[in-house]
Amino acid sequence: GFPPIAGAIQWARFLFTRIKLPMIKFRSVDRLLQSEQGVTAKNRFIEAGIVLKEYEEELYTKWLDNIIKYLPIYLKQSLLIDAEQRPDLFLDDNNNNNNNHQQFINN
């Protein structure tokens, strides 16, 4: 996978593509879309597309607002930490280099 927001946006785009394919086939036969059921199907397709696009834009906007809010805080955080103060972040407490207690962590 994808991160949660990217996964949700990918799902919305996939769903739109899945409902778009039959509509492309319907367009090749004019009388299908001109019938009462064809008009109803076309209108529902348009409505679903609008809802999915709004959902995607809402997810992106919320994600962007969150990033703008917290990014300066994250960028100010140090990549080096004191292993003695935060041993819970390390898997191996048998550190061979006892004089240097700063280690890199991978997120």
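This is a tour of the model, stop by stop, with selections to make in the viewer.

**Before selecting anything**

The model is predicted, so local features need pLDDT of at least 70, side-chain atom pairs count only at pLDDT 80 or more, and totals for chains, interfaces and linings use all residues. Residues are numbered from 1 along each chain as its sequence is written, and side-chain values use heavy atoms, with hydrogens and water left out.

**Whole chain**

Show the cartoon. The protein has three helices and two strands, in the order α-α-α-β-β along the sequence. Helices here are DSSP runs of H or I with at least four residues, strands are runs of E with at least two, and both are numbered from the N terminus.

Switch to a surface. The accessible surface of the protein comes to about 9600 Å², and 55% of it belongs to carbon and sulfur atoms; areas come from the Shrake-Rupley method with a 1.4 Å probe, and for residues only the protein chains shown count as cover. Of the 107 residues, 13% count as buried. Buried means under 20% relative accessible area, exposed means over 50%, and partly exposed lies in between (1.4 Å probe, protein chains only).

Among contacts between residues at least 6 apart in sequence, 47% join residues at least 24 apart. A contact means heavy atoms within 4.5 Å.

**Helix H1**

Select residues 4-27, which form helix H1. The 24 residues of H1 should span 34 Å at 1.5 Å a residue, and the end C-alpha atoms are 35 Å apart, which agrees. The expected span is 1.5 Å times one less than the number of residues.

Move to Lys20, where H1 has a kink of about 25°, shortly before the proline Pro22. The bend at a residue is the angle between axes fitted to the seven residues ending there and the seven starting there.

Which residues of H1 are buried? Color Ala8, Ile9, Ala12 and Met23. The buried residues of H1 pack against H2 and H3.

**Helix H3**

Next select residues 36-76, helix H3, which has 41 residues. From its first C-alpha to its last, H3 reaches 60 Å, close to the 60 Å expected at 1.5 Å a residue. Go to Tyr70, where H3 bends by about 45°; a proline, Pro72, follows within four residues.

Color the buried residues of H3: Gly38, Phe45, Gly49, Leu52, Glu56 and Leu59. Their cover includes helix H1 and helix H2 (30-34).

Pick Ile46, also in helix H3. Ile46 counts as partly exposed because its relative accessibility is 39%. For a distance label, use the C-alpha atoms of Ile46 and Lys20: they are 9.7 Å apart in space, and the two residues are 26 apart in sequence.

**Glu56 and Arg13**

Show the side chains of Glu56 and Arg13. They meet in a salt bridge of 2.7 Å, N to O. This pair links distant parts of the chain, with Arg13 in helix H1 and Glu56 in helix H3, 43 residues apart. A salt bridge is a side-chain nitrogen of Lys or Arg within 4 Å of a carboxyl oxygen of Asp or Glu.

Is Glu56 buried or exposed? Glu56 counts as buried because its relative accessibility is 11%, whereas Arg13, at 46%, counts as partly exposed. Leaving out residues up to four places away in sequence, Glu56 touches Ile9 and Arg13.

**Other salt bridges**

The count comes to four salt bridges. Stay on H3 and select Lys62 and Glu58, whose closest N and O atoms are 3.1 Å apart in a salt bridge. Both residues lie in helix H3, four residues apart, about one turn of the helix. Lys62 is exposed, with a relative accessible area of 54%, while Glu58, at 45% relative accessibility, counts as partly exposed.

Then select Arg86 and Asp88, which form a salt bridge with the closest N and O atoms 3.0 Å apart. Arg86 counts as partly exposed at 39% relative accessibility, and Asp88 is exposed, with a relative accessible area of 56%. Return last to Arg13, Lys53 and Glu56, which salt bridges with shared partners join into one network.
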